[in-house]
Each structure stands twice: as C-alpha cells, then as structure tokens.
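Dear colleague,

Here is the structure I promised to pass on to you, and below it I have set down what I found when going through it.

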Amino acid sequence: MTPREIVRRTLKFETPERIARDLWVLPRAREQHPAEVAQIEARFPSDLTGAPSVYRPSARVRGNAYAKGEHIDEWGCCFTNLQSGIIGEVRKPLIAEASDWRQLQPPYETLPENKADALEKIKRAYGETEKFMMGGCCPRPWERYQFLRGSENAMIDMAVRDDDVRALLKRIHEFYLAEYAFWADSCVDALSFMDDWGSQRALLISPAVWRELFKPLYREYCQIAHSHGKSIFMHSDGHIAAVYDDLIEIGVDAVNSQLFCMDMADLEQRARGKITFWGEIDRQHVLPSPNPQDGRDAVRKAARHFYDTRGGVIAQYELSAESNPAVGMAIFEEWEKVDRERRAAPDGETGGRGDGAKQQRDRK
C-alpha cells in the first residue's frame, strides 16, 4: 500500500498493512540535532505531507516567527520572542477592546489571486507524491482570538460573551471559511483545524461555553470537509477529555491530543473505534528523557489502550528543542514492533472493543 492508502485505511478502520506514521519537527530540534533527525526521517518517513504554499505574501508581515525579537504576522499581531527556534507570545493586543472588532482586517489579501492556477499547482504536487496530503490551512479561532486580544483579555471575554465578543469571533471565523472554500475544492486528502484548549488538568474554559461558542464553528469545518470527500483532522494541546465526545459527534476523523495528560482508560472506553488517535507520545516527560526505554514503555501504554490492527492509530510525536532524538527513534521502533507482534498473533489479535469500522460508519 502507498502511504496515502495506509492513512486512508487507518481512518476508516479498514486494516492498513502497517501502522501509519507522522513526525513533527520544530526548527529548534532540527538546528540542534540535524544528523539524528535526518536518521529518524530516513528510517521512518512520515506518511502524511503538506500541500505546497499557494498564498500571497502579506505586506503586514515583519521579522521571522522563529527568531529572537518581534515578529508581526499577516493579521498584524505582534509576537515577542525571547529565543530562537520557537514562536513567541503576544504582549501588545491588536484589538484593545472587543468593541473595536470592526477595526480587524483579516488577511484576505493572502488568499490565492488566481484560483485555477493555485489548484493546478496543488494538483501537480499531489500527483508527485504517494503520501496522504493535508490542506494548507489550519483554522484556529480560539488561538487567533487570543493573539488579537491577549490571553487575559480573551479569558475575560469568554466570561462576558457579549455581542462584541461574538462579532469578533464571527469575523475571524468568516476568514477561515473563505480559506476552507478554496481548499475544499482542491485535491488534497484532508483538511485540518486546531486550538490548544487544555490546561494540564482541564479545559481552559467551561465545556458549556466551549459548546456554545466554538463547537458550532468546528462542526462547520467538519461539514465542509466531508461534503467535499475529505477527512478532517484536529490538534489540541492539554487535557481535553471533556470535549472528546463532542469532537466525535461533529465528525472529526483524527485528533492529535496529549494523551498522557488524560485518563487513557477512560478515553479508550469513550472513543476507541470512533475516532483515530493521531498521536501523541508525551513530550513533557517522555521525549526529553535520557533513557530510550521510557519511549518504548510509553508506546506500550498507548498501544494497550488504543492500538487495533484495523486502524484508529497514527504513530505520531513531536521533536522539540528539549527532545532526545534517541527516545524518538525508540518510539517508532517500538510502534513497529507492536504492529508486527499484533499482526502475527494467531487469532489476528486487534485488542479492540467491537467493530471499529462499523462504529465509524454509524457516526457518519
């Protein structure tokens, strides 16, 4: 099977020939460990890839997002960065008061000027790879709201939720819908969205407010993707167990979340066979460990709760500045070993609870 077919079958619980893989590498990790990262990528190449860029440059952009100093992005948000290789934080909110929402000018000028040419560029790239291709946009309405208002102001706004707060969020969402309208017409395999919703122990806001303000936005992203025959992926850091059922309900096909922050046994009972666990292995404690065995043990723990030969798991983790590449290599080696052992089991062991493919079909 091609990497694209492996990922597709994984999402549909249709028994790919091996476990799907995906590696994220932050620039700082690549700078610090170029040889080790190259070795991992050569031995365990990712099955997913991104689409080529078709966006136009914005005159608002200043500086480098991953360099020390200040960086202004295409929305006009100013990030202050104290070290290279990672993205900084917003110290000066662009929108001082939610009532100033009319001042916001989303970066529509960055969208492709010639849609036909842009779609053709994506089509050519798609034909040149056998990997599963992700669309080139990733809406993040909650994080963008924070970038525009500052995190403290954003949290207060979530408590107030007046007409101005809703209007600002709507203006952000409308731009993302314009992006989705373009990418949904392209030939990519999947669209994605993200928002980091969890603290170490719980959701950043009440689940009720999340469902009131953000779940409808995410549902719309899922509907657009599925109506155009594409899968939909989501990423969220932190403890997001409170909304896992909601993500399944609105149709998210694969979720990248910090499983090791949450109760895996609980997630297994609620979500296994209904959604694909797109990683991840703990990057707070496991990946920085000096001992590769910690990586192997972490894989065994995740596999015990989520692995199924029919699909539902993408072996994924992120290499950051603090990560130990030797642990990263051990993680992929162990997933390969688990996969081989389970497929060789005399009874075709899945370790699953019921028919994952049927559950996936039923929820669609």
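**The three-stranded sheet**

In this model, which is a predicted one, Cys78 has Lys92 of β5 as its bridge partner. The two strands concerned are β4, which covers residues 78-81, and β5, and they pair in the antiparallel sense over three bridges. They belong to an open sheet of three strands, in the order β3-β4-β5 and with antiparallel pairing. The edges of this sheet are formed by β3 (69-72) and β5 (89-92), each of which has a single partner strand, so that one side of each is left without a neighbour in the sheet. On average, and with direction ignored, neighbouring strands here are turned by 45° against each other.

**Strand β11 and its partners**

The strand that I would ask you to look at next is β11, made up of residues 313-319, in which seven of the seven residues are buried. Both faces of β11 are covered, with Val313, Ala315, Tyr317 and Leu319 buried on one side and Ile314, Gln316 and Glu318 buried on the other. Strand β1 (residues 20-25) pairs with β11 in the parallel sense over six bridges, and within that pairing Val25 stands opposite Leu319. Strand β10 (residues 276-278) also runs parallel to β11 and is joined to it by two bridges, with Phe277 standing opposite Val313.

Within β11, Tyr317 can serve as an example, and you may wish to display its surroundings: is this residue buried or exposed? Its relative accessibility is 0%, and because buried means under 20% relative accessible area, Tyr317 counts as buried. If neighbours within four places in sequence are left aside, Tyr317 is in contact with Asp22, Leu23, Trp24, Ile40, Ile281, Leu287, Gly328, Met329, Ile331 and Phe332. One of these contacts, Ile331, lies 14 residues from Tyr317 in sequence, while the C-alpha atoms of the two are 8.5 Å apart in space.

**Helix packing around α12**

A word on how the next part is put: two packed helices are described by the angle between their axes and the distance between the axes. Helix α11 (residues 264-271) packs with helix α12 (residues 292-306) at an angle of about 30°, and their axes are 9 Å apart. Angles under 35 degrees count as roughly parallel, and α11 and α12 are therefore roughly parallel to each other. Their crossing is right-handed. On the side of α11 the contact is made by Met264, Ala265, Leu267 and Glu268, and on the side of α12 by Lys301, Ala302, Arg304, His305 and Phe306. Sorted by class, this contact of α11 with α12 has five nonpolar, one polar and three charged residues.

Helix α12 also packs with helix α13 (residues 325-344), where the axes come within 8 Å and cross at roughly 40°, which makes α12 oblique to α13. The crossing of α12 with α13 is right-handed. From α12, the residues in this contact are Pro292, Gly295, Arg296, Val299, Arg300, Ala302, Ala303 and Arg304, and from α13 they are Ala326, Val327, Ala330, Ile331, Glu333, Glu334, Trp335, Lys337, Val338, Glu341 and Arg342. They divide into 10 nonpolar, one polar and eight charged residues. Ile331, listed here for α13, is also one of the residues in contact with Tyr317 of β11.

**Backbone details in the loops**

Lastly, there are some backbone details that you may want to inspect in the model. Gly279 and Glu280 are joined by a cis peptide bond, with omega at about 0°, and Glu280 is placed in the loop between β10 and α12. Thr15 has a positive phi of about 55° although it is not a glycine; its place is in the loop between α1 (3-12) and β1, and with a relative accessible area of 38% it is partly exposed. Arg161, likewise not a glycine, has a positive phi of about 50°. This residue sits in the loop between α6 (151-160) and α7 (163-184), and at 25% relative accessibility Arg161 counts as partly exposed.

With kind regards

Notes:
Residues are numbered from 1 along each chain as its sequence is written. This is a predicted model: local features need pLDDT of at least 70, side-chain atom pairs count only at pLDDT 80 or more; totals for chains, interfaces and linings use all residues. Side-chain values use heavy atoms; hydrogens and water are left out. Axes are lines fitted to C-alpha atoms, for helices over the stretch in contact, and angles run from 0 to 180 degrees between N-to-C directions. Helices (H or I, at least four residues) and strands (E, at least two) are DSSP runs, numbered from the N terminus. Angles under 35 degrees count as roughly parallel, over 145 as roughly antiparallel, 65 to 115 as roughly perpendicular and the rest as oblique. A crossing is left-handed if the near helix is turned anticlockwise from the far one by less than a right angle, and right-handed if clockwise. Contact means heavy atoms within 4.5 Å. Ala, Val, Leu, Ile, Met, Phe, Trp, Tyr, Cys and Pro count as nonpolar, Asp, Glu, Lys and Arg as charged, and the others, Gly among them, as polar. Two strands pair if DSSP finds at least two bridges between them. Buried means under 20% relative accessible area, exposed over 50%, partly exposed in between (1.4 Å probe, protein chains only).
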